[in-house]
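Biologist: I would like to learn how to read the spaces and the helix packing of a structure that is new to me. May we go through the features one after another?

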Amino acid sequence: MSPDQLAARVQEYPELLLMCDYDGTLVPLAPRPEDAVPDPGLLKLLRQLVPRPGLHLAVISGRPLADLRDLLPIPGLLLAGLHGAQVAGPEGPVINLLPPPPGKNPWPEIFSLARQLAAGVPGLLVENKGEGVALHYRLAEPDAAAGILEEFRHALEPFLQDGLELIPGHKVLEVRRRGVNKGLAVTYFTRRWPRAFPVYLGDDRTDEDAFAALPGNGLAIGVGQRQSGYAHYFLASPAEVIEFLQLLNRSRT
């Protein structure tokens, strides 16, 4: 599907709930998470889209909510961080969609473990998400990274028996709370605006949960060349996502 075909497909609906992943969807994937920043043109476009009549715009990401607020400081933009565990607007209170887990906080120990394993391998990057830890290996030598990833999986076995899970992504292996996924945020937003036509755009395996959580009338749009069991159509790249958003912006003035 081309960007103009998708814009024509959704512009007929008077109320639209548009939900987008961040990395690999709104912005291209980057070697380091901190390198994936929105350009001024994207920020300007999102600022124009947010107040459009009948449009509810949300960004749902595996990044911490605080990072999303820093990257996308746009009044009125809906945000969901940590794979949908937390939702908020830029100015509003944080809503936790799952109650805090009982027992000891495991994240400092897991973060320390990941840093120790990654310390001897150039290109391995450890991201501390507060309630999640991600091991990025895009810049690492593949064979060396594979060995460390296997060690990481083995070391995490006790934690995985206690309510956590491992999720592979684009050159990243992440540990998060079991039951946390982007479908939580999709369900929250679709219940908040039940009359809006729901659309979700995403590029990663973690976006499959969001696709699956869409109501029966929802539209799942994959981004890139990844296989998907739920996507109805695909856009080729973040550049085509931006083109679609530009067309949507012009059509809803």
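Biologist: How much space lies in the largest pocket?

Modeller: Please keep in mind that this is a predicted model. The largest pocket holds about 230 Å³ of space. Its lining includes Pro101, Pro102, Gly103, Lys104, Pro106 and Trp107, and further along the chain Phe159, Asp162, Gly163, Leu164, Arg177 and Arg178. By class, this lining of the largest pocket has six nonpolar, two polar and four charged residues.

Biologist: I should next like to consider cavities. How many cavities of 30 Å³ or more does a search of the whole structure find?

Modeller: A cavity is a space where a probe fits but cannot get out. The search finds two cavities of 30 Å³ or more. The volume of the largest cavity is about 410 Å³. Among the 28 residues of its lining, those closest to its centre are Asp23, Leu29, His136, Val172 and Asp204.

Biologist: Which strands each supply at least two residues of the lining of the largest cavity?

Modeller: They are β7 (133–136), β8 (164–169) and β9 (172–177). With three residues, β8 gives the most to this lining.

Biologist: How does the lining of the largest cavity divide by class?

Modeller: It has 12 charged, nine nonpolar and seven polar residues.

Biologist: Which residues line the second largest cavity?

Modeller: Leu82, His83, Ala85, Glu131, Gly132, Glu174, Arg176, Arg177 and Val180 line it. The volume of the second largest cavity is about 70 Å³. Its lining comprises four charged, three nonpolar and two polar residues. Arg177 is also one of the residues that line the largest pocket.

Biologist: Let us turn to the helices. What describes two packed helices?

Modeller: The description consists of the angle between the axes and the distance between the axes. As a case, take helix α4 (residues 107–118) and helix α5 (residues 142–155), whose axes come within 10 Å and cross at roughly 155°.

Biologist: Why are α4 and α5 roughly antiparallel to each other?

Modeller: An angle over 145 degrees counts as roughly antiparallel. The axes of α4 and α5 cross at roughly 155°, and therefore the two helices are roughly antiparallel. Their crossing is right-handed. In this contact, Ile110, Leu113, Ala114 and Leu117 of α4 meet Ile148, Glu151, Phe152 and Ala155 of α5. Seven of the contact residues are nonpolar, one is charged and none is polar.

Biologist: At what angle do helix α2 and helix α9 pack?

Modeller: Helix α2 (residues 40–49) and helix α9 (residues 238–251) pack at about 35°, and their axes are 10 Å apart. The crossing of α2 and α9 is left-handed. From α2, the residues Leu42, Leu45, Leu46, Gln48 and Leu49 meet Ile242, Leu245, Gln246, Leu248 and Asn249 of α9. This contact has seven nonpolar and three polar residues, with no charged ones.

Biologist: How do the axes of helix α1 and α9 cross?

Modeller: The axes of helix α1 (residues 3–10) and α9 come within 8 Å, crossing at roughly 40°. This angle makes α1 oblique to α9. The crossing of α1 and α9 is right-handed. On the α1 side, Pro3, Asp4, Leu6, Ala7 and Val10 make the contact, and on the α9 side Glu240, Glu243, Phe244, Leu247 and Leu248 do so. By class, the contact of α1 with α9 has seven nonpolar, no polar and three charged residues. Leu248 of α9 is thus named in the contact with α1 and also in the contact with α2.

Notes:
Residues numbered from 1 in each chain as written. Predicted model: local features only at pLDDT ≥ 70, side-chain atom pairs only at ≥ 80, totals over all residues. Heavy atoms only, no water. 1 Å grid on protein atoms, 1.4 Å probe; cavity = no way out; pocket = protein on both sides within 12 Å on 5 of 7 lines; lining within 4 Å. Points joined across faces, edges and corners; volume = space filled by probe spheres on them. Helix = DSSP H or I, 4+ residues; strand = E, 2+ residues; numbered from the N terminus. Nonpolar A, V, L, I, M, F, W, Y, C, P; charged D, E, K, R; others polar. Axes fitted to C-alpha atoms, helices over the stretch in contact; angles between N-to-C directions. Parallel < 35°, antiparallel > 145°, perpendicular 65-115°, else oblique. Left-handed = near helix turned anticlockwise from the far one by under 90°. Contact = heavy atoms within 4.5 Å.
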